[in-house]
Amino acid sequence: MSSETHVTHPVLGRFAESRVNVAKEQAKRRREQVNHLRTRLEVHLAANPGYDLVKLRASGSTAKHTAISRRRGEGSDADVAAYLRCVDPEIDEAKLLDWLCERCQEVYGKTKVADDFVISQHAVGITLRSSGLKIDVAPVLYSGEADDKGFLVTRQGQRVLTSVTLHLRFIRDRRKLAGPGYTELVRLLKAWIREAKSRDPHLRCKSFLLELVVAHLWDTGWHGAGLQVDDYPIAFEQVLAYITTTGLRTPITFGDFSTTDEITTTNDPIQIWDPVNPENNIASSYTEADRKRLVETTASALDSVSWAATAPTQGAAYDAWRELFGPSFPGE
């Protein structure tokens with residue numbers, strides 16, 4: 001008996017709605033917290049020397065509609081890009097993240113402790129203890145370029161070209177053609193990799209990597225078939241099969257905002273190029289061991305999905321999918 005009777009598109013859809021997607025009340029709370037920070041940050045940055053605040057833009061998975069419900073201790077609930085213009089030629093650009101962290105600490109004053117502020121590679125993370133929410137504020141150096149193009153400054157002081165506007169347009173254009181199943185598939189894949197990381201803390205796979213694999217398969221299809229975003233079990237199997245079969249050895253590029261001639265040649269084990277920045281391989285820090293670990297994890301998940309498709313009973317099929325999503329599946 002096939003999984004058409006057991007783990008169907010509606011089954012995965014209901015699981016996503018009940019266990020993966022951000023609940024309306026939680027989403028409302030996020031918006032309120034972010035708006036509170038944005039309002040106070042706008043006023044505070046305007047009163048401090050060094051950088052002028054040009055604009056604040058919502059970014060990341062919340063803005064792209066790919067956010068999933070967060071477990072305590074995980075990544076950010078919301079992302080904000082702070083577009084800044086340097087007005088002090090003497091200021092050390094490499095210390096931009098430290099400067100922004102100090103400004104964020106001043107915004108909250110004595111209501112928060114130093115441990116609530118953590119500087120990552122591109123952003124300042126702010127944990128709101130009362131609600132458990134976390135907001136990442138990423139500074140973007142901006143000089144008036146079109147489409148909100150500007151530069152992130154890394155912890156090491158390197159500039160990385162980015163654009164919140166173009167990143168949102170990239171996924172919005174595909175979602176518009178594909179329908180809501182496109183972003184729901186991304187959320188389901190993010191829930192799977194989160195469960196996989198909880199079992200293997202050495203596993204590396206950032207959410208943006210999965211988003212770009214889905215975008216690539218939407219653009220190119222797999223084995224002559226389009227990405228079946230209206231049938232989650234099939235689409236899930238297509239994504240897993242692509243990663244397993246290619247081993248992520250084939251570079252992934254996009255022509256939305258640049259040409260293939262602009263792509264930088266590297267020897268990185270995984271090459272998935274940022275559609276906004278042809279010089280930025282978003283997996284450049286992944287080692288060969290990281291690649292193999294991710295492919296092996298994906299292959300195991302593919303085995304579970306394939307077994308579920310031929311499982312003789314509903315219980316057996318559900319058990320197979322629990323290998324991907326954990327004991328809460330199907331969440332009904």
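Is Cys101 buried or exposed? Keep that one in mind for Exercise 1.

The model is predicted, so local features need pLDDT of at least 70 and side-chain atom pairs count only at pLDDT 80 or more, while totals for chains, interfaces and linings use all residues. Residues are numbered from 1 along each chain as its sequence is written, and side-chain values use heavy atoms, with hydrogens and water left out.

**Exercise 1. Work out how many disulfides there are, and look at the surroundings of Cys86 and Cys101.**

Step 1. Start from the chemistry: a disulfide is a covalent bond between the sulfur atoms of two cysteines. The rule used here asks for a pair of cysteine sulfur atoms within 2.5 Å.

Step 2. Apply the rule, and the count is zero disulfides. For Cys86, the nearest cysteine sulfur belongs to Cys104 and is 17 Å away. For Cys101, the nearest cysteine sulfur is again that of Cys104, at 6.7 Å.

Step 3. Add the accessibility classes: buried means under 20% relative accessible area, exposed over 50%, and partly exposed in between, with a 1.4 Å probe and protein chains only. Cys101 is buried, at 8% relative accessibility. Cys86 has a relative accessible area of 40% and is partly exposed.

**Exercise 2. Describe helix H8 and say what surrounds it.**

Step 1. Find the element. Helices (H or I, at least four residues) and strands (E, at least two) are DSSP runs, numbered from the N terminus. H8 covers residues 232-246, which is 15 residues.

Step 2. Check its span. The expected value is 1.5 Å times one less than the number of residues. From first C-alpha to last, H8 reaches 21 Å, close to the 21 Å expected.

Step 3. Ask how enclosed H8 is. Eleven of its 15 residues are buried, so H8 is largely enclosed by the rest of the structure. Among the buried residues are Tyr232, Phe236, Leu240 and Ile243.

Step 4. Name the partners, taking contact as heavy atoms within 4.5 Å. The buried residues of H8 pack against H1 (9-20), H6 (181-199), H7 (207-220), H9 (288-310) and H10 (314-325). Turning to H1, its buried residues include Val11, Leu12 and Phe15, and their cover includes H6, H8 and H10.

Step 5. Look just past the end of H8: Gly247 takes a positive phi of about 65°.

**Exercise 3. Characterise the largest cavity and the second largest pocket.**

Step 1. Set the terms. On a 1 Å grid over the protein atoms alone, a cavity is a set of points where a 1.4 Å probe fits but cannot get out, whereas a pocket is an open set with protein on both sides within 12 Å along at least five of seven lines; lining residues have an atom within 4 Å of a point. Grid points are joined across faces, edges and corners, and a volume is the space filled by probe spheres set on the points.

Step 2. Take the cavity. One cavity of 30 Å³ or more turns up in the whole structure, and the largest cavity has a volume of about 50 Å³. Its lining includes Lys64, His167, Tyr182 and Glu211. H7 gives the most to this lining, with four residues.

Step 3. Classify that lining. Ala, Val, Leu, Ile, Met, Phe, Trp, Tyr, Cys and Pro count as nonpolar, Asp, Glu, Lys and Arg as charged, and the others, Gly among them, as polar. The cavity lining has six nonpolar, one polar and two charged residues.

Step 4. Take the pocket. The second largest pocket holds about 510 Å³ of space. It has 21 lining residues, with Val22, Ala27, Arg30, Arg31 and Thr62 nearest its centre. The largest share of the lining, seven residues, comes from H2. By class, the pocket lining has nine nonpolar, five polar and seven charged residues.

**Exercise 4. Examine some backbone features in the loops and after H10.**

Step 1. His65 has a positive phi near 65° and is not a glycine. His65 lies in the loop between H3 and S2, and is partly exposed at 44% relative accessible area.

Step 2. Asp147 also has a positive phi, near 60°. Its loop joins S5 (133-141) and S6 (149-153), and Asp147 is partly exposed at 33%.

Step 3. Finish with Pro330, in the segment after H10. The peptide bond from Phe329 to Pro330 is cis, with omega near 10°.
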